[in-house]
Amino acid sequence: MFEKILYPTDGSEVSLQALKYVKGLQGAGAKLVVLLRVVDEKTMDVVRKGMTLAGKESGAFLSTVYESLLEEARQQLKPIAEELEAAGLNVSMRIESGRPRSRVLEIADEENVSAIVLGSHGRGNMAGMLLGSVADYVVRHARQSVIVIKRQEGQSTRANVR
């Protein structure tokens, strides 16, 4: 039923909580997990604007920041991939850049996944929101089934370093 799963994560606690649900889908036929981390293009825009306001040349610095963000993403995904593989699932890792909500849908279609499993809130949520903006957008626009893992009461949205 759910042979190929897309699991986008941003390193937040609720995003990592979704991992146990991804592993549990093996019983529903899951064989391959596409592990996705999207480096938000807004981060680079903020850095670019800050450098411009400071009157500094941003080209080389932006490249360094981007490479640092990619390395951080690789370091976050590696233990997750290992955990999924240890559970008997095949894993494909993708690190992309762009707007997370759009990229999740694009990758879901490109990879032809059966379902998307994601946390209800990522690092960028506002405390009073019922559903994080990425999760809300994915639920409303995905062609695939979407499983949203709810944040536990009092759970942080900060990144959890593994």
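**Strands and helices, a first walk-through**

Trainee: I've got the model open and I'm starting at β4. How many bridges pair β4 with strand β5, and in which sense do they run, parallel or antiparallel?

Mentor: β4 and β5, which covers residues 145-149, are paired in the parallel sense over 5 bridges. Keep in mind that this is a predicted model.

Trainee: Which residue in β5 is the bridge partner of Leu118?

Mentor: Leu118 has Val148 as its bridge partner there.

Trainee: And what about strand β1, how many bridges join it to β4?

Mentor: There are 2 bridges between β1 (residues 4-8) and β4, and those strands run parallel. Look for Leu6, which stands opposite Ile116 of β4.

Trainee: Is β4 mostly covered or mostly open?

Mentor: Mostly covered: of the 5 residues in β4 (115-119), 5 are buried. In a regular strand, side chains alternate between the two faces of the sheet. In β4, Ala115, Val117 and Gly119 sit on one side, with Ile116 and Leu118 on the other, and all of them are buried, so both faces are covered by the under 20% relative accessible area cut-off.

Trainee: Back to β1, then. Which of its residues point one way and which the other?

Mentor: Lys4, Leu6 and Pro8 point one way, while Ile5 and Tyr7 point the other, and all are buried. That fits the count for β1, where 5 of 5 residues are buried.

Trainee: How many bridges does β1 make with β2?

Mentor: The two pair over 5 bridges, again in the parallel sense. One of the partners to find is Leu32 in β2, which bridges to Lys4.

Trainee: Let me zoom out. How many helices and strands are there in the protein?

Mentor: The protein has 5 helices and 5 strands. Follow the sequence and you read β-α-β-α-α-β-α-β-α-β.

Trainee: What share of the residues is buried?

Mentor: Of the 162 residues, 43% are buried. As for the outside, the protein exposes about 8900 Å², with carbon and sulfur atoms supplying 50% of that.

Trainee: What about contacts between residues far apart in sequence, how much do they account for?

Mentor: Take the contacts with a separation of 6 or more: 78% of them are between residues 24 or more positions apart.

Trainee: Switching to helices. How far does α4 reach?

Mentor: Helix α4 (residues 100-111) has 12 residues and spans 16 Å from first C-alpha to last, close to the 16 Å expected. Its buried residues are Pro100, Arg103, Val104, Leu105, Ile107, Ala108 and Glu111.

Trainee: What do those buried residues pack against?

Mentor: They pack against β1, β2, β3, β4 and α5. Right after α4 comes Asn112, and its phi is positive, near 55 degrees.

Trainee: Where does Arg101 lie relative to Tyr137?

Mentor: Arg101 lies over the face of Tyr137, 4.1 Å from the ring centre. As for aromatic pairs, the structure holds 0.

Trainee: Last one: which helix holds Leu69, and what does Leu69 contact?

Mentor: Leu69 is in helix α3, residues 59-86. Setting aside neighbours within four places in sequence, Leu69 is in contact with Val39, Thr43 and Met44. Ser97 is 28 residues away from Leu69 along the chain, and their C-alpha atoms are separated by 9.9 Å.

Definitions and conventions. Residues numbered from 1 in each chain as written. Predicted model: local features only at pLDDT ≥ 70, side-chain atom pairs only at ≥ 80, totals over all residues. Heavy atoms only, no water. Buried < 20%, exposed > 50% of the residue type's maximum accessible area, 1.4 Å probe, protein only. Helix = DSSP H or I, 4+ residues; strand = E, 2+ residues; numbered from the N terminus. Pairing = 2+ DSSP bridges. Contact = heavy atoms within 4.5 Å. Areas by Shrake-Rupley, 256 points an atom, 1.4 Å probe, with all protein chains shown as cover. Expected span 1.5 Å × (residues − 1). Phe/Tyr/Trp six-rings, centres within 6.5 Å; stacked < 30°, edge-to-face > 60°. Lys NZ or Arg CZ within 6 Å of the ring centre and 35° of its normal.
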